[in-house]
Amino acid sequence: MYYSVIKKCDIADGPGVRVTLFVSGCTHHCEGCFNPETWNFQYGAPFTEETEDEIIEALSPDYIAGLTLLGGEPLEDGNRQALLPLLRAVKKKYPQKNVWCYTGYLFETDILEKFCVQWEGMKEFLSYVDVIVDGEFVQAEKNISLRFRGSENQRIIDVHASLQQGKTMLWEDGENR
């Protein structure tokens, strides 16, 4: 897997101050994408053990709320497999920090019905992710007033509550309207 950038002080992609990893590679190619250079699977630098260590270290300050994965597309096959060891390490060292994942894939059909069947590691991957923002960016539904998402069709999903309830549960923090 390749990645384009690591932001160590991000306040736009989830609540609080976050470490954000922008992975490379995306097959969605959404019109109006804010990061089209990351469509290329070889854009940026290789994701190495040193990269993982850098992210783990960047998460260490108490003021860092968590990790956000976006890109590109974190749930492309090669990307999700490469990210699983990172998620294991993050949740082992920082169980109190939350993990957000932005994906163009849909939670119910693509992630639960397809990826969980095709890849044994997907259920473990989901166990480490607290929130998924799902759905492709749709230019015609762009709304710059939305919190933590770019278009009206995208949803902010509480992964653990959804899995427990057996239905999609939206994440709420009082400001997410």
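Trainee: Why is tyrosine 102 called buried?

Mentor: In this predicted model, tyrosine 102 has a relative accessibility of 14%. The cut-off for buried is under 20%, so tyrosine 102 counts as buried.

Trainee: And what makes tryptophan 100 buried?

Mentor: Its value is a relative accessible area of 1%. That is under 20%, so tryptophan 100 is buried.

Trainee: How many aromatic pairs does the structure hold?

Mentor: Eight aromatic pairs. One of them joins tryptophan 100 and tyrosine 102.

Trainee: Why is the pair of tryptophan 100 and tyrosine 102 called tilted?

Mentor: The planes are 35° apart, and the ring centres lie 6.5 Å from each other. Stacked needs planes under 30 degrees apart, and edge-to-face needs over 60. An angle of 35° meets neither condition, so this pair is tilted.

Trainee: Then what is the pair of tryptophan 100 and phenylalanine 148 called, and on what values?

Mentor: That pair has 75° between the planes and 5.2 Å centre to centre. An angle of 75° is over 60, so the pair is edge-to-face.

Trainee: What does the pair of tryptophan 100 and phenylalanine 148 tie together?

Mentor: Tryptophan 100 belongs to strand 5, while phenylalanine 148 sits in the loop between strand 6 (131-134) and strand 7 (155-158), so the pair ties together parts that are 48 residues apart in sequence. Phenylalanine 148 has a relative accessibility of 9%; with the cut-off at 20%, phenylalanine 148 therefore counts as buried. Ring pairs link Trp100, Tyr102, Phe148 and Trp171 into a cluster.

Trainee: What is noted about the phi of phenylalanine 148?

Mentor: Phenylalanine 148 has a positive phi, about 65°, although it is not a glycine. Histidine 29 is another residue other than glycine with a positive phi, near 50°. Histidine 29 is placed in the loop between strand 2 and strand 3 (45-46).

Trainee: Is histidine 29 buried, partly exposed or exposed, and how do you know?

Mentor: The relative accessible area of histidine 29 is 43%. Buried would need under 20% and exposed would need over 50%. The value lies in between, so histidine 29 is partly exposed.

Trainee: Now the largest nonpolar core. Which residues touch the most other members?

Mentor: This core has 36 residues, and Leu21, Leu67, Leu86 and Phe125 touch the most other members. Among the elements that each supply at least two residues are strand 1 (2-10), strand 2 (17-23), helix 1 (49-58) and helix 2 (77-93). The largest share, five residues, comes from helix 2. Apart from this core lies another of nine residues, including Tyr102, Phe148 and Trp171.

Trainee: Why would nonpolar side chains gather like that?

Mentor: In soluble globular proteins, nonpolar side chains tend to be buried together.

Trainee: What makes threonine 20 buried?

Mentor: Threonine 20 has 0% relative accessibility. This is under 20%, so threonine 20 counts as buried. Threonine 20 lies in strand 2.

Trainee: How do you know that threonine 20 and aspartate 10 make a polar contact?

Mentor: The contact between their side chains is 2.5 Å. A polar contact requires N or O atoms within 3.5 Å, one able to donate a hydrogen and the other to accept it. The value of 2.5 Å is within the limit, so the distance condition is met. Threonine 20 also touches residues including Val5, Asp13 and Leu70.

Trainee: What joins the side chains of aspartate 130 and histidine 160?

Mentor: A polar contact of 3.2 Å. That is within 3.5 Å, so the distance condition is met here too. Aspartate 130 lies in the loop between helix 4 and strand 6. At 16% relative accessibility, set against a cut-off of 20%, aspartate 130 therefore counts as buried. Its other contacts include Lys91, Lys97 and Ile157.

Trainee: Last, how does the radius of gyration of the protein chain compare with that of a compact globule?

Mentor: For 177 residues, a compact globule would have a radius near 16 Å; the protein chain has 15 Å, which agrees. The C-alpha atoms fill a box of roughly 40 × 35 × 35 Å along the principal axes. Of the 177 residues, 47% count as buried. The chain has five helices and seven strands.

How values were computed: Residues are numbered from 1 along each chain as its sequence is written. This is a predicted model: local features need pLDDT of at least 70, side-chain atom pairs count only at pLDDT 80 or more; totals for chains, interfaces and linings use all residues. Side-chain values use heavy atoms; hydrogens and water are left out. A nonpolar core is a set of buried Ala, Val, Leu, Ile, Met, Phe, Trp, Tyr and Cys residues joined through side-chain atoms within 4.5 Å. Buried means under 20% relative accessible area, exposed over 50%, partly exposed in between (1.4 Å probe, protein chains only). Helices (H or I, at least four residues) and strands (E, at least two) are DSSP runs, numbered from the N terminus. Contact means heavy atoms within 4.5 Å. The radius of gyration is taken over C-alpha atoms; the globule rule is 2.2 Å times the number of residues to the power 0.38. Rings of Phe, Tyr and Trp (its six-membered ring) pair if their centres lie within 6.5 Å; planes under 30 degrees apart count as stacked, over 60 as edge-to-face and the rest as tilted. Lists of a residue's contacts leave out its neighbours within four places in sequence.
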